[in-house]
Amino acid sequence: RALLRCVGVGRCRHLEGNTMCPSFMVTREEMHSTRGRARLLSEMLQGEVIHDGWNSREVREALDLCLACKGCKTDCPVNVDMATYKAEFLYHYYKNHPRPVQSYAMGLIYWWARLARLAPGVVNFFTQMPGLSRLMKALGGIAQERPMPKFATETFKDWYRRTQESAAAGNGKGRQAARRGQVILWADTFNNCFTPATLQAGLRVLRNAGFEVIVPTQSLCCGRPLYDHGMLDLARRQLRQILDTLRPQIEAGIPVVGLEPSCVAVFRDELVNLFSRDPLARRLSAQTFTLAEFLEKHAPDWQPPDLSGRKAILHGHCQQKAVMGLGHEEALLRRTGIELHIPDSGCCGMAGSFGFNKNHYEVSVAIGERVLLPAVREADPETLILTDGFSCREQISQLTPRKPLHL
């Protein structure tokens, strides 16, 4: 019904300069707009013009440049959720077609990261050495222009286990007393394996705010990259494992804080789509927050550091803006006294693994160059560049001289 309503919209904001669909903004081709994709999908379902249904190469081509940013979910006047339609289409399409190598290289990053944890130095040798790196990227369908992110020498979870054991041996000396209750810190695959310092900082902030922080030691992943490649069976299995593992904490009402917005969006959106009749899934969805959301709702009297006199550019992760919004981040930052600028940049262009795909590199860069990257380059060197998305930080650090920070 939403597809038909989208096709029937007479004045589509897409075609009037709205930043809703990043790929349309740089290609200016309607097949890469929400309305154009909706038209093809509705024709596929009707079967009168497109006769090969879920095997349609025309629909596959139209969806190829969809970044699954979810912008249309909230910006589109009829709330077409193209990211979900894309995942569903690819799920059916690849039942009868071989998956591209990028799906295995990037879609299965959780499993590759688990392997890399055994010998991160060896993996980094192959991905960072010029000749070997070119070979690895060629084999994985990754753009040669893209530097490969380095795996951390120690994951956040390994660091957490080690420090917990040290604290236990020292009878918990130096730990701040928890006065507000418990909270689960979700150790997402990206921050856990590539930038563990982000999770370490999140842990310190939550403890400083007066919470007892629980970090699940089991190997869990929300499966975020799987949706972009239509691997819905694997995604459902990953989410089922989370629900089963965290059932006691979920039923006890313990909140979950995620530092990676795309993972929080999975719990808030995809989880309830895939398990619409499961009350446990609905509870987890309602109990999951971004860091700023959680602090604003559960610790409104906590005082963040004083950053008066500083300036910051805040770029919102596209799925965060679409599903959770940026209001809490903006409110929390303004409480620090910082002078805040939020450019109307839409998506950064990286969008998970989209920008790493060799066939998407030019579009990815063009999207970033619309607003975000020039704004970052023009900013004063003392201005903080803030964005919570791992992929957003990668795009900025790869294409500008600045090092962006998580909130």
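Two strands are said to pair if DSSP finds at least two bridges between them. The exercises below use this idea on a predicted model.

**Exercise 1. Work out which strands pair with β1, and which residues are bridge partners across each pairing.**

Step 1. Begin with strand β2, residues 212–214, which pairs with β1 in the parallel sense over three bridges. Within this pairing, the residue of β2 that serves as bridge partner of Ile184 is Ile214.

Step 2. Turn next to strand β3, residues 256–258, which also pairs with β1 in the parallel sense, again over three bridges. Here Leu185 has Val257 of β3 as its bridge partner.

**Exercise 2. Decide why β1 can be called largely enclosed by the rest of the structure.**

Step 1. Recall the cut-off that the reasoning needs: a residue is buried if its relative accessible area is under 20%.

Step 2. Apply this to strand β1, which covers residues 182–186: four of its five residues are buried, so the strand is largely enclosed by the rest of the structure.

**Exercise 3. Describe the open sheet that contains β5, giving the order of its strands and the sense of their pairing.**

Step 1. The sheet has three strands in the order β6-β5-β7, and the pairing is parallel. Its edge strands are β6 (339–341) and β7 (384–386), each of which pairs on one side only. From one strand to the next, the twist averages 25°.

Step 2. Look more closely at β5, residues 311–314, which is joined to β7 by three bridges in the parallel sense. In this pairing, Ala312 stands opposite Leu384 of β7.

Step 3. Add the helix that lies across β5, β6 and β7, namely α21 (residues 327–335), which runs at about 155° to β6.

**Exercise 4. Determine how helices α19 and α21 are arranged relative to each other, and what kinds of residues make up their contact.**

Step 1. Helix α19, residues 291–298, packs against α21 at an angle of about 70°, and the two axes are 8 Å apart.

Step 2. Angles of 65 to 115 degrees count as roughly perpendicular, and α19 and α21 are therefore roughly perpendicular to each other. The crossing of these two helices is left-handed.

Step 3. On the side of α19 the contact is made by Ala292, Glu293, Leu295, Glu296 and Lys297, while α21 contributes His328, Glu329, Ala331, Leu332 and Arg335. Sorted by kind, the residues of this contact comprise four nonpolar, one polar and five charged.

Terms used. Residues are numbered from 1 along each chain as its sequence is written. This is a predicted model: local features need pLDDT of at least 70, side-chain atom pairs count only at pLDDT 80 or more; totals for chains, interfaces and linings use all residues. Side-chain values use heavy atoms; hydrogens and water are left out. Axes are lines fitted to C-alpha atoms, for helices over the stretch in contact, and angles run from 0 to 180 degrees between N-to-C directions. Contact means heavy atoms within 4.5 Å. Angles under 35 degrees count as roughly parallel, over 145 as roughly antiparallel, 65 to 115 as roughly perpendicular and the rest as oblique. A crossing is left-handed if the near helix is turned anticlockwise from the far one by less than a right angle, and right-handed if clockwise. Ala, Val, Leu, Ile, Met, Phe, Trp, Tyr, Cys and Pro count as nonpolar, Asp, Glu, Lys and Arg as charged, and the others, Gly among them, as polar. Buried means under 20% relative accessible area, exposed over 50%, partly exposed in between (1.4 Å probe, protein chains only).
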